[in-house]
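Please open the structure in the viewer and keep the selection tool at hand. The tour proceeds by selections, one stop after another.

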Amino acid sequence: MPSGHARRRRWPAPRSRFLPAVASVAVLALSGCRPQEATAAPSGSPTPTPITPTGTEGVFRGSIVLGRPTDRSVVANVWSVDQAGTVSLLVGTAPGQYTRRTAPVALAADTPVELLLGDLTPATRYYYRLQFDGAAGSGPSAERSFRTAPVAGGTFRFGLQGDSHPERLRSQFDSVLYVRTLTAAAADSLDFYVMLGDDFSVDILDPATITAAQVRQRYTLQRPYLGIIGAMSPVFLVNGNHEQAARYLLDGTPNNPAVWAQTARNTLYAQPAPDAFYSGNPEQVSHIGLLRNFYAFTWGDALFVMIDPYWGSPVCVDNPFFGGDKRSDLWTVTHGDAQYQWLKRTLEQSSAKYKFVFAHHVMGTGRGGVEVARLYEWGGRSPNGTTDFAARRPTWPVPIHQLFVQNKVSAFFQGHDHIWVRQELDGVVYQAVSEPADPNYSLFNADAYTTGVKFPNSGYTRVTVSPTGAKVEYVRMYKTTDETPGRTSGTVAYSYMIP
């Protein structure tokens, strides 16, 4: 594992070393000069030639979702269901003033292409347009912006959502409300946006007739929505139980739901692989390549660690895709030795002021936060109260929660339970986040949380990290028809500080 979590790296991420095995990827050739730092230009410095978009704005009907941001680069995943042509990016450090243009790259219909924009300046906001040129017309997208990683001591914001479940129409998902939530989050100019799983539910498909195309459609369904937030804020994905991207489904062939799901995810969304900025899972899986399922990086004063129980466990963690009961003995499921040892090293080697860990849920299944954080490999105990950790995980020095305590983890963020709850255990915040688009504003699974501050759906969570602390806010969202005085979208329902 790279040891960059203990100090800020200052070199660009490699441009093409770790590319998705199934994605079309183009490394951009930039014209113009590198943006100036936030200091006066030296006397005699050349002035970059302005670059002007051509054609009619709005011709491109596809979506842009940013990913894999670093202090010196970002990747734009560009996709259109039915358009073909060429795409390039016009980029600058001031609104409407573009001094760099990437080389045009071929875009085929329904085939995503990844555009790596490198040689950027840390802690800088960039403005860009996508220039599309096709047989039926040409034109730029609307202007968007993104920010490279801040230096230590800088202030930044990130956002989170849990369990969008677009397949659960009317019961837990309303498309108009989802658009409203993502639009509000985009207006916050977040440095990035974390999705905590169950956003691409594959297990609604019939196991007897499931196809790769059906699985891929679960991922393309989200593109118009995630283009709202993702064109401004790079998107990080966390694996959920309903995605069925899980090791237990592998059968040695390319024709199974786990391969199809992980391939679709890594093709349509630019996720991290180990390099100079990110550490993560180095395992190559047949018919997939790098899983990109657990990873870590430092952003300003914070370490971010995404973990995944579903690819770590050789047996089903939660809901079996082909039917059957869930497991009652959760000692039989595991995050796996490799992921545990990586997590341990990552936390121990980081000197970041804040350490944030993200997963779909404690152990990847069950209900509750601190109530289940004491159990199995996470907490060391069996449900009957006996401490069986040493016998059940003889090669692990301590349970996962104890790793958090020893290494001063600030907060653990999870989804899965469809409720917003703040709890604390041994100095570690356990934060469950809400669904973003539940039109019924339900308070699911409240009984599973015996302590803590609880709020119903819907909305997103906003975290601001600054020199004075990390502020966590629950931003409530409502359909327009459901708003009343004191019940308005964008209102912060609850906030607290992590010193």
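The stops below visit two sheets, two cores, several salt bridges and one residue in a loop.

The model is predicted: local features need pLDDT of at least 70 and side-chain atom pairs count only at pLDDT 80 or more, while totals for chains, interfaces and linings use all residues. Residues are numbered from 1 along each chain as its sequence is written, and side-chain values use heavy atoms, with hydrogens and water left out.

**Stop 1: the six-stranded sheet**

Helices (H or I, at least four residues) and strands (E, at least two) are DSSP runs, numbered from the N terminus. Select E13, E12, E11, E24, E25 and E26, which in this order form an open sheet with mixed pairing; two strands pair if DSSP finds at least two bridges between them. E13 and strand E26 (492–498) are the edges; each has a single partner strand, so one side of each lacks a neighbour in the sheet. From one strand to the next, the twist averages 20 degrees.

Now select strand E11 (residues 156–161), which pairs with E12 in the parallel sense over four bridges. Leu-160 stands opposite Val-194 in E12. Add H1, which lies across E11, E12 and E24 and runs at about 10 degrees to E24. Such angles run from 0 to 180 degrees between N-to-C directions, and the axes are lines fitted to C-alpha atoms, for helices over the stretch in contact. Contact means heavy atoms within 4.5 Å.

**Stop 2: a network of charges**

Side chains of opposite charge can pair when their charged atoms come close. A salt bridge is a side-chain nitrogen of Lys or Arg within 4 Å of a carboxyl oxygen of Asp or Glu; the whole structure holds 21 of them.

Select Asp-188 and Arg-462, whose side chains meet in a salt bridge (3.1 Å, N to O). Asp-188 is in the loop between H1 and E12, and Arg-462 is in strand E24 (residues 459–466), 274 residues apart. Which residue of strand E25 also forms a salt bridge with Arg-462? It is Glu-473, with the closest N and O atoms 3.0 Å apart. Both Glu-473 and Arg-462 are buried, that is, under 20% relative accessible area, whereas exposed means over 50% and partly exposed lies in between (1.4 Å probe, protein chains only). Shared partners join Arg-157, Asp-188, Arg-462, Lys-471 and Glu-473 into one network.

**Stop 3: the cores**

A nonpolar core is a set of buried Ala, Val, Leu, Ile, Met, Phe, Trp, Tyr and Cys residues joined through side-chain atoms within 4.5 Å. The largest has 43 residues, and Ile-229 is one of those that touch the most other members. Select Ile-229: beyond residues up to four places away in sequence, it touches Leu-182, Ala-185, Ala-186, Leu-190, Tyr-193 and Val-235. Apart from this core lies another, of 37 residues, including Trp-342 and Phe-412.

**Stop 4: the eight-stranded sheet**

Select the open sheet with the order E14-E17-E18-E19-E20-E22-E21-E23, whose pairing is mixed. Strand E21 (residues 420–425) pairs with E23 in the antiparallel sense over three bridges, and the bridge partner of Trp-420 in E23 is Phe-455. Helix H5 (residues 337–349) packs on the sheet, and its direction makes about 175 degrees with that of E18.

**Stop 5: Ser-410**

Finally, select Ser-410, in the loop between helix H9 (400–406) and strand E20 (411–414). Is Ser-410 buried or exposed? Ser-410 is buried, with a relative accessible area of 9%. Its contacts beyond four places in sequence include Tyr-354, Phe-356, Val-428 and Ile-498.
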